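Reader: I'm new to this one. Could you walk me through it, one question at a time?

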Amino acid sequence: MHFPKTLYEFGAIFKSKGYSCYIVGGAVRDALMKRKVEDYDVATDAKPEVVLKLFKKVIPTGIKHGTVTVLFKNLKIEVTTFRIEYNYSDSRHPEIVEFVPSVYEDLKRRDFTINSIAYDLSANKIIDPNNGKADIKNKLIRAIGVPENRFKEDGLRLLRACRFSAQLNFKIETNTKLAIKKYVSIISNISMERIREEILRILKADKPSIGFNCMHETGLLSRIIPELEEGIGVTQRGLHCFDVFFHSLFSCDAAPKEDPVVRTAALFHDVGKPRALFYTNEGEARFHGHEELSFRMAKEILKRLKFPNAFIERAAYLVKNHMFNYTDDWTDAAVRRFIARVGREYIDDLISLRRADQIG
């Protein structure tokens, strides 16, 4: 395992005072997978009041539950005291937090095996009581212990499973997936702000389609964005080889990964098609005006998901104007009229969206 030298210096401070210090969670998982590590979480047997004294710059971010954030040299490190938790009455937050002396007890409370691996900074040793390394090797998302218990504790884990599936391109283990389906209704207890953040993380994956299809298969999508599922089985003419649902997902994949607004517009650019559908006398499907309907529906969906107003307005505007079809026949005057109509500041995004639409 290779981590920044600063982290080992950080761990040495705990050791010098007689405390243990482990890197935990996503940092260990990503390091094992040779992925870029962006955030460092640390678990320790030192209580928060001890950590406050050990370091000069400490932010009491969640001190009630044993978590503080330490600013150490060039790193921002979240430090949590080993703990176990009880009584998740709101399907999200524990009412009782109990500090424990063992990292093994702490790792039992986590969500999935791949996130329950610890790395001892002093002994340079991996701690893996839940066989997370094996599941990484087999590309599986598996809940720790009894899956139903993990999801009843924290309903956001239902959506996190789909997010990890998209981010890592892993499959969800059978019993874990069955438990998500069984307890899918718990997602209604989770705030839209939390759900939005998970959706944004899915949008940043190489293939968001994996996450959204996972949400569909587990029943989450019908509770969060049911409008997308209206496109299932709605076939399209011409060059389309997918129904509206999968066309939307694959268009989202094809949009620029670094631009969540364009990816969101790609996801919803045809969301109004099922409602705009009608058939000609010859039996051909038509979707006249679907872009206007998609525009209104996208705004409603994004407002419901608590996206910022500026994000909503830009994404919805792209949806509304995605149906242009540039050809070599356009005159310079036609180009100027198009730019004047849609706004010069939207041209690059509209071209990216149109390209994603065609790839999808």
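Reader: Which residues have the most contacts inside the largest nonpolar core?

Author: Keep in mind that this is a predicted model. Its largest nonpolar core has 94 residues. The ones with the most contacts inside that core are Phe10, Phe212, Leu220, Ile224 and Ile225.

Reader: And where does the largest share of this core come from?

Author: One helix gives eight residues to the core, and that is the largest share. The helix spans residues 156-168, so by numbering from the N terminus its name is α7.

Reader: How many residues are in the second, separate core?

Author: Apart from the big core there is another one, and Ala43, Val100, Val103 and Ile127 are among its members. The size of this second core is 10 residues.

Reader: What is phenylalanine 212 in contact with, leaving aside neighbours within four places in sequence?

Author: Phe212 is one of the residues with the most contacts inside the largest core. With those sequence neighbours set aside, its contacts are Ile199, Ile202, Leu203, Leu221, Ile225, Leu249 and Leu267.

Reader: On to the rings. What kind of aromatic pair do phenylalanine 112 and phenylalanine 164 form?

Author: A search of the whole structure turns up 18 aromatic pairs, so let's take this one as a sample of how they are sorted: planes over 60 degrees apart count as edge-to-face. For Phe112 and Phe164 the centres are 6.0 Å apart and the planes make an angle of 85°. That makes the pair edge-to-face.

Reader: How many residues apart in sequence are the parts that this pair ties together?

Author: Phenylalanine 112 sits in the loop between α4 (103-108) and β8 (118-120), while phenylalanine 164 belongs to helix α7. Both of these phenylalanines are buried. Because one ring is in that loop and the other in the helix, the pair ties together parts whose separation in sequence is 52 residues.

Reader: Which residue lies over the face of phenylalanine 164?

Author: Besides its ring partner Phe112, Phe164 has a charged residue over its face, 4.5 Å from the ring centre. That residue is arginine 163.

Reader: Is phenylalanine 246 buried or partly exposed?

Author: Phenylalanine 246 forms an edge-to-face pair with phenylalanine 245, with ring centres 4.9 Å apart and planes at 80°. At 1% relative accessibility, phenylalanine 245 counts as buried. Phenylalanine 246 has a relative accessible area of 28%, and since buried means under 20% and exposed over 50%, it is partly exposed.

Reader: How many of the residues of helix α13 are buried?

Author: Helix α13 covers residues 244-254, and its buried residues include Phe245, His247 and Leu249. Because so much of α13 is buried, the helix is largely enclosed by the rest of the structure. The count, out of 11 residues, is eight.

Reader: Now the sheet. Which are the edge strands?

Author: Seven strands form an open sheet with mixed pairing, in the order β3-β4-β5-β2-β1-β8-β9. Neighbouring strands are turned by 30° against each other on average, direction ignored. An edge strand pairs on one side only, and the two that do so are β3 (58-62) and β9 (125-127).

Reader: What is the bridge partner of isoleucine 59 in β4?

Author: β3 and strand β4 (residues 67-72) pair in the antiparallel sense over three bridges. Valine 58 stands opposite valine 70 in β4. For isoleucine 59, the bridge partner is threonine 69.

Reader: Which residue takes a positive phi in the hairpin of β3 and β4?

Author: This hairpin has four residues between the strands. The positive phi is near 90°, and the residue that takes it is glycine 66.

Reader: At about what angle to β5 does helix α1 run?

Author: Helix α1 (residues 5-16) lies across β1 (21-24), β2 (40-44), β4, β5 (75-81) and β8. Relative to β5, its angle is about 35°.

Reader: Last one: what is the phi of lysine 139 near?

Author: Lysine 139 lies in the loop between α5 (132-137) and β10 (140-141). This lysine is partly exposed, with a relative accessible area of 47%. Its phi is positive, in a residue other than glycine, and is near 55°.

Methods
Residues numbered from 1 in each chain as written. Predicted model: local features only at pLDDT ≥ 70, side-chain atom pairs only at ≥ 80, totals over all residues. Heavy atoms only, no water. Core = buried A, V, L, I, M, F, W, Y, C linked by side-chain atoms within 4.5 Å. Buried < 20%, exposed > 50% of the residue type's maximum accessible area, 1.4 Å probe, protein only. Contact = heavy atoms within 4.5 Å. Phe/Tyr/Trp six-rings, centres within 6.5 Å; stacked < 30°, edge-to-face > 60°. Lys NZ or Arg CZ within 6 Å of the ring centre and 35° of its normal. Pairing = 2+ DSSP bridges. Axes fitted to C-alpha atoms, helices over the stretch in contact; angles between N-to-C directions.
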